[in-house]
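Work through the exercises below with the sequence and the coordinates open. Each task is followed by a solution in steps.

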Amino acid sequence: MSISVHDVCWSSGGLMIVDGISIDVSRGKTLGLLGPNGSGKSSLLRLICRLRNVKSGVISLGNTDIAAMPRLDIARRVAFVEQQATTEAQVTVLDVVRLGRTPHRGPLSPWTAADDAAVNAALHHVGMPERAGQLWHTLSGGERQRVHIARALAQTPSELLLDEPTNHLDIQHQLEILALVSRLPVTCIVALHDLNLAAMFCDTLAILQRGKVVAAGAPEDVLTGELMSRVFGVHAHVERSAYHGRCHVQYRL
Ligand SMILES: Nc1ncnc2c1ncn2[C@@H]1O[C@H](COP(=O)(O)OP(=O)(O)O)[C@@H](O)[C@H]1O
Ligand SMILES: [Mg+2]
């Protein structure tokens, strides 16, 4: 389903943190959410999965306002991997990924073959099937990140929200995770810091600054030298990559 955010505001402690944001992501597409630290990316993602309630404005999945959706319906379809996702230490990788099935199961319903299939597929997607039995606290930061992504995939979501999912990952796994996300048949919003990876894998980008969208659209339309200087405070030259045809940012001192 598509994700639509219309004129959404959210404030905390008297500060406007999400300030009239509107974005649209078509079904099956990936939107990259970019912006300096503190620009409101994580806050917006929390609003979209209703971990927080909007102060004003409307967020819809398909044609349905999430404010009118039962929480269980949102939990079944929207998977969210938080920036600093934490997990209890004394559990295995398999335990964590199995948690992704929770919204689909009743309190007394038995574990099914479909649950197993979703968990196994998710472990394969992140390249960790052989780690199923490993204890969480023995994993590296990047492996933990991949396990959290697997938990989200095991949820078989129609909407996937990822908050800086490539932090802690080596470049091979950054490329693998973003390639996976961009080919999954889900509608995805991914907060990223790497503008070149965003340009390479996202269908569209939205740039946030102080809680507002200051640019949105196709990567080649959005990522300009002028934007790099105005929003990110850096000098950069943007050119088209001969390899993938998308734009590529070259930073300058
Ligand atoms: N619950 C909160 N209460 C007060 N301020 C908050 C809260 N959550 C976020 N903020 C502030 O809102 C701004 C945006 O934060 P965040 O959404 O985490 O930005 P980003 O993910 O883009 O780095 C920051 O200045 C942050 O300190
Ligand atoms: Mg953040």
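**Exercise 1. Aromatic rings**

Task: Find how many aromatic pairs the structure holds.

Solution.
- The model is a predicted one.
- A pair needs ring centres within 6.5 Å.
- The count for this structure is zero aromatic pairs.

**Exercise 2. A charge over a ring**

Task: Determine which residue lies over the face of Trp-111, and at what distance from the ring centre.

Solution.
- The charge must be within 6 Å of the ring centre and within 35 degrees of the ring normal.
- Arg-98 lies over the face of Trp-111.
- Its distance from the ring centre is 4.1 Å.

**Exercise 3. The magnesium site**

Task: Name the protein donors of the magnesium ion (ligand 2), then place them in the fold.

Solution.
- The donor atoms are OG of Ser-42 and OE1 of Gln-83.
- They lie 2.0 to 2.4 Å from the ion.
- Ser-42 belongs to helix H1, residues 41–48.
- Gln-83 sits in the loop between E6 and helix H3 (93–98).
- The two are 41 residues apart in sequence, so the pair ties together separate parts of the chain.
- Now check accessibility. Ser-42 has a relative accessible area of 14%. That is under the 20% limit, so Ser-42 is buried.
- Gln-83 has 26% relative accessibility, so it counts as partly exposed.

**Exercise 4. Helix H1 and what follows**

Task: Decide whether H1 is mostly covered or mostly open, and describe the residue with positive phi that follows it.

Solution.
- Seven of the eight residues of H1 are buried, and the helix is mostly covered.
- The buried residues are Lys-41, Ser-42, Ser-43, Leu-44, Leu-45, Leu-47 and Ile-48.
- Arg-50 follows H1.
- Its phi is positive, about 60°, although Arg-50 is not a glycine.
- Arg-50 lies in the loop between H1 and E4.
- Its relative accessible area is 12%, so Arg-50 is buried.

**Exercise 5. Another positive phi**

Task: Locate Glu-164, give its phi, and state whether it is buried or exposed.

Solution.
- Glu-164 is in the loop between strand E7 (159–163) and H6.
- Phi of Glu-164 is near 50°, a positive value in a residue other than glycine.
- Relative accessibility is 6%, so Glu-164 counts as buried.

**Exercise 6. The largest pocket**

Task: Give the volume of the largest pocket and describe its lining.

Solution.
- The volume is about 420 Å³.
- The lining has 19 residues, and those closest to the pocket centre are Leu-51, Val-78, Phe-80, Arg-151 and Gln-155.
- By class, the lining divides into eleven nonpolar, four polar and four charged residues.
- Three elements each supply at least two lining residues: helix H2 (71–77), strand E6 (78–81) and helix H5 (141–154).

**Exercise 7. Sequence gap and C-alpha distance**

Task: For His-124, Gly-127, Glu-176 and Val-58, give the location, the accessibility class and one C-alpha distance.

Solution.
- Start with His-124, in helix H4 (residues 113–125). At 55% relative accessibility, His-124 counts as exposed. Its C-alpha is 8.5 Å from that of Ala-150, which is 26 residues away along the chain.
- Gly-127 is placed in the loop between H4 and H5. A relative accessible area of 36% makes Gly-127 partly exposed. Gly-127 and Glu-143 are 16 residues apart in sequence, with a C-alpha separation of 9.7 Å.
- Glu-176 is found in helix H6 (residues 171–183). Glu-176 is partly exposed, at 40% relative accessible area. Between Glu-176 and Thr-166 there are 9.8 Å, C-alpha to C-alpha, and the two are ten residues apart in sequence.
- Val-58 lies in strand E4 (residues 56–61). Its relative accessible area is 33%, and Val-58 is partly exposed. The C-alpha atoms of Val-58 and Arg-210 are separated by 20 Å, and the residues are 152 apart along the chain.

Terms used
Residues are numbered from 1 along each chain as its sequence is written. Chains are lettered from A and ligands numbered from 1 in the order in which they are written. This is a predicted model: local features need pLDDT of at least 70, side-chain atom pairs count only at pLDDT 80 or more; totals for chains, interfaces and linings use all residues. Side-chain values use heavy atoms; hydrogens and water are left out. On a 1 Å grid over the protein atoms alone, a cavity is a set of points where a 1.4 Å probe fits but cannot get out, and a pocket is an open set with protein on both sides within 12 Å along at least five of seven lines; lining residues have an atom within 4 Å of a point. Grid points are joined across faces, edges and corners, and a volume is the space filled by probe spheres set on the points. Helices (H or I, at least four residues) and strands (E, at least two) are DSSP runs, numbered from the N terminus. Ala, Val, Leu, Ile, Met, Phe, Trp, Tyr, Cys and Pro count as nonpolar, Asp, Glu, Lys and Arg as charged, and the others, Gly among them, as polar. Rings of Phe, Tyr and Trp (its six-membered ring) pair if their centres lie within 6.5 Å; planes under 30 degrees apart count as stacked, over 60 as edge-to-face and the rest as tilted. Donors are N, O and S atoms within 2.8 Å of the metal (3.2 Å for Na, K and Ca); water is not among the atoms, so sites may look incomplete. Buried means under 20% relative accessible area, exposed over 50%, partly exposed in between (1.4 Å probe, protein chains only).
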